[in-house]
Amino acid sequence: MIREQDRKALLAWYDANGRDLPWRRTREPYPVWVSEVMLQQTQIATALPYYERWMRRFPTVEALAAADEQDVLALWQGLGYYRRCRYLLNGARYIVALGLPTSAQGWLTVPGVGRYTAGAIASICFGECAAVVDGNVERVFARTTACGETGPTLYRHAWEWAERNLDPHRPGDWNQALMELGATVCTPSKPRCEGCPLEPSCAARQSWRVEQFPVARTTPSVRLRTHVCWVPFESGAFGVCQVPAGEWWEGMWEFPREDATDDRAAAEAQLRERVGAGWTESLGEFRHTVTRHRVVLEASLVRCDARAQALRWVTRSELEALAMPAPQRKTLRRALALLGLD
Ligand code: SF4
């Protein structure tokens, strides 16, 4: 357990040092929910402009619920992990239909809301004694208790610890204080232990073993993939298709793409069938990472003889308004430069 005086010290430290962020100036559930979803797997500096744009465009849960999915995806473009964006939209529709939940248990019924987000909203907005564990809290837990576990066991122990140590008087501030400490002081490398409010309670610090926690986990191997992507162009229009359900970037728009990792000839034959005949020029390679996959996207411009029926043909300005994954957007820029349209 964290000692009472260290608990007070952490809250006082947060009061004095917590960063002034737009979603911390309110206790309204909608902006807190949006920020919590955006900040999953994303740094604050990256999420901030997206958050501000989002709140200008969809200032209320009703405005979001009424939005078109393509507009929502377009606004999210570049932030990655698009499933989060779809969950926000579906969640907003659920809330408008069934009412705004006011407890962690209620928030858990909203599509896409898990234990962490439900706990964050309930504690920050409604003062409920609901714990949270994100990567920052897990690291603070591992160090303060010198926990030697990794993976799911570490995560489970971190939840138990977070629930035991939750401050009953200021649960929202307590949760944010722990996350803030992990983000700014108890950082993954070079934690600033001098002056850390939890230093007297910290088992790793007291035993001079801070660098040993959290215990390193063997990372799953990275999978290398090659995708071939063709940019069909005919009389000023580009051919695009919508990414089917269940695939990366579901619902967004892209140029025809096939996985050529195991069989390049088959992938190119499929592309030829989808795009049709035409003059092909290389646009080069684009590298990106999706979950554990490192993908090399080999792109080509195809000046088509005719417009394939299976594709949607759009002008450059129409294309700008469509939600496209970042590697496809880069491919488009290269194609526009080759066509002299940039
Ligand atoms: Fe982290 Fe160091 Fe504070 Fe322990 S004393 S919680 S290791 S910053």
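Trp208 is exposed, with a relative accessible area of 67%. The structure discussed here is a predicted model, and Trp208 offers a convenient point of entry. Its place is in the loop between helix 12 and strand 1. Although Trp208 is not a glycine, its phi is positive, at about 55 degrees. Pro214 lies in that loop between helix 12 (203-206) and strand 1 as well. The peptide bond joining Phe213 and Pro214 is cis, with omega about -10 degrees.

A positive phi also occurs at Ala146, a residue other than glycine, where the value is near 50 degrees. Ala146 belongs to the loop between helix 9 (135-145) and helix 10 (151-165).

The ligand may be considered next. It sits in the largest cavity. Around the ligand are Arg143, Thr144, Val185, Cys186, Cys193, Cys196, Glu199, Cys202, Arg205 and Val210. By character, this shell comprises 6 nonpolar, 1 polar and 3 charged residues. Cysteine is counted among the nonpolar residues in this division.

Turning to the helical part of the chain, helix 2 (residues 29-38) is mostly covered, with 10 of its 10 residues buried. These buried residues are Pro29, Tyr30, Pro31, Val32, Trp33, Val34, Ser35, Glu36, Val37 and Met38. The charged residue Glu36 is thus listed with the buried residues of helix 2. What do the buried residues of helix 2 pack against? Their partners are helix 3 (44-57), helix 4 (61-65), helix 5 (69-76), helix 6 (83-98), helix 7 (104-107) and helix 8 (115-126).

The strands can be followed from strand 1. Strand 1 (residues 223-234) and strand 2 run antiparallel and are joined by 2 bridges. Within this pairing, Glu234 has Ala237 of strand 2 as its bridge partner. Strand 1 and strand 2 form a hairpin with 2 residues between the strands, and Ser235 there takes a positive phi near 45 degrees.

Strand 2 has further pairings. Strand 7 (residues 312-314) runs antiparallel to strand 2, and 3 bridges join the two. Phe238 stands opposite Val314 in strand 7. Strand 3 is likewise antiparallel to strand 2, with 2 bridges between them, and Cys241 stands opposite Glu254 in strand 3. Is strand 2 largely enclosed or largely open? Strand 2 is largely enclosed by the rest of the structure, because 5 of its 6 residues are buried.

The loop that follows strand 2 contains Glu250, which is found between strand 2 (237-242) and strand 3 (253-254). With a relative accessibility of 29%, Glu250 counts as partly exposed, because that class lies between the limits of under 20% for buried and over 50% for exposed. Setting aside neighbours within four places in sequence, Glu250 is in contact with Arg86, Val243, Pro244 and Ala245. Pro191, by contrast, is separated from Glu250 by 59 residues in sequence and by 39 Å in space, C-alpha to C-alpha.

Strand 1 also pairs with strand 6. Those two strands run parallel and are joined by 11 bridges, and Phe233 stands opposite Arg303 in strand 6. Strand 6 in turn pairs with strand 5 (residues 278-290), to which 12 bridges join it in an antiparallel arrangement. Gly278 stands opposite Cys304 in strand 6. Strand 5 and strand 6 form a hairpin with 2 residues between them, and in the turn Thr291 has a positive phi of about 45 degrees. Why is strand 6 described as largely enclosed by the rest of the structure? The description applies because 9 of the 12 residues of strand 6 (residues 293-304) are buried.

A last site lies in the loop between strand 4 (257-259) and helix 13 (264-275), where Asp262 is located. Asp262 is exposed, with a relative accessible area of 71%. Asp262 and Arg209 are 53 residues apart along the chain, and their C-alpha atoms are separated by 46 Å.

Definitions and conventions. Residues numbered from 1 in each chain as written. Predicted model: local features only at pLDDT ≥ 70, side-chain atom pairs only at ≥ 80, totals over all residues. Heavy atoms only, no water. Near = heavy atom within 4 Å. 1 Å grid on protein atoms, 1.4 Å probe; cavity = no way out; pocket = protein on both sides within 12 Å on 5 of 7 lines; lining within 4 Å. Sits in = over half its atoms within 2 Å of the grid points. Helix = DSSP H or I, 4+ residues; strand = E, 2+ residues; numbered from the N terminus. Buried < 20%, exposed > 50% of the residue type's maximum accessible area, 1.4 Å probe, protein only. Contact = heavy atoms within 4.5 Å. Pairing = 2+ DSSP bridges.
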